[in-house]
Amino acid sequence: MTHPPPSSTAQDVLKAADARRLILDSLSPVTGGERVELHAALGRVLAQDVIAPLDVPMHDNSAMDGYAVRAEDLDSGAGSETRLKVVGSALAGHPFAGRLRPGEAVRIMTGAVIPDGADTVVMQEIVRREDDRIFIPAGQQKGRNLRRAGEDLAAGSVALPAGRRCGPAELGLIASLGIGEVAVRRRLRVAFFSTGDELTPIGQPLKPGAIHDSNRHTLAGALARLGCELLDLGIVPDRPTALEAAFAEAAGTADVVITSGGVSVGDADFIRELMARMGEVSFWKLAIKPGRPMAFGRIGDAVLFGLPGNPVATMVSFYQFVQDALLSLMGVTPLPPAARFAARADFALRKPAGRVEYLRGRLLRDGAALGVTLAGAQGSGMLHSMSEADCFIVLPEDCTSVQAGDTVFIQPFHGLV
């Protein structure tokens, strides 16, 4: 990529990194919570540390199938074997009842409790057995193939910290501790609506110049995936009185208000003016493409995001700025870092300096090498290219061109969208 000397941008246009920092620095997690049963905790954010009430594992146990023995019985001489008598077996959930005596061994399965007196497990693949006798080759080490009690979690330790968002692994860990209910933060309430006289709900015929409203459904899916409580206010016409009423309703019932459309400088773009009159606007123009007209501020106690109306710009703005803000408000700490990977460009283009561009890309895999190409036309209204893409290609502010073979950075959609 070509990088010219740094150049300044207009004072009222905020850099992407500065906008992200401003947003996150201004937010605090919502208060309030509840206790939910474990099966209902997926996607919820822990309000309290989960403390292990017991050791995990609770007992010393075998890490593999084999034979539990006493290390002092093993012959360490070169080329010699140890001969032991098998006196019983231990299975997961069915421990050996007695104590291992000199010259004895117990057949043991993975996960079974180590018998009293044993301190080593010899894997079955290297053992020769004849009836109730086994022959173990020399060179075995004491303590091999054991999982010690509490080596995963010790009783009284923090199993999961407050602020952790519960995924399948977290649910399994909590269940392994015998805990069936957890304290979580309340769901974040998000009100959203689309603006524009040209927008038509699904199921209604399109008039000349009209289009179906897609942004509201895109946002509903993204918000539902985050586990937010959704307040869908529908389509609001481009009239100040209607918009003001929608803002008042949304801000009065939700923690966050998200709009799409009406944040540019057209004759029918009223969002920024209403935000400034009813609350405050921290910024409304970003040095990015797509998504330059994006407003951030507050109305009353509600955080407000005014997203651009073009469908791709709406999605880019949401995933680059809004999603992490919502996670922060939900109490997720620390925020997961944005995954970026280097890839070889299979395309060429030029771009102006001074703004970050987010292109829709499609990953190319050639053995261990990772490449990326453009996922169709890159216009901000071309939503089809978004569905064909599996990553964002992020071109920084100082990049002015990309040639085939250059290294670029990508954000895979997996884990992002």
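Two strands count as paired if DSSP finds at least two bridges between them, and strands themselves are DSSP runs (E, at least two residues), just as helices are DSSP runs (H or I, at least four residues), numbered from the N terminus. The structure is a predicted model, in which local features need pLDDT of at least 70 and side-chain atom pairs count only at pLDDT 80 or more, while totals for chains, interfaces and linings use all residues. Residues are numbered from 1 along each chain as its sequence is written, and side-chain values use heavy atoms, with hydrogens and water left out.

A good place to start is strand β5 (residues 81-90), which runs antiparallel to strand β9 (residues 133-137) and is joined to it by five bridges. Here T82 stands opposite I136 of β9. Both strands belong to an open sheet of six strands with mixed pairing, in the order β7-β4-β6-β5-β9-β8. At the edges stand β7 (120-123) and β8 (128-130), each with a single partner strand, so one side of each has no neighbour in the sheet. On average, neighbouring strands of this sheet are turned by 40° against each other, direction ignored; the axes behind such angles are lines fitted to C-alpha atoms, for helices over the stretch in contact, and angles run from 0 to 180 degrees between N-to-C directions.

Strand β13 (residues 189-195) comes next. Six of its seven residues are buried, so the rest of the structure largely encloses this strand; buried means under 20% relative accessible area, exposed over 50%, and partly exposed in between (1.4 Å probe, protein chains only). β13 pairs in the parallel sense with strand β16 (residues 229-236) over six bridges, and A191 has L231 of β16 as its bridge partner. Strand β17 (residues 256-260) also runs parallel to β13, through five bridges, with F192 opposite I258.

I258 appears again in the largest nonpolar core (buried Ala, Val, Leu, Ile, Met, Phe, Trp, Tyr and Cys residues joined through side-chain atoms within 4.5 Å). Of the 46 residues in this core, I258, F305 and F318 touch the most other members. Helix α6 (residues 311-330) gives the most to the core, with 12 residues.

Finally, helix α5 (residues 271-278) has I271, L274 and M275 as its buried residues. These cover an arc of only 100° around the axis (taken from the directions from the helix axis to the C-beta atoms), which puts them on the same side of α5. The face turned away from that buried side carries the exposed residues E273 and R277.
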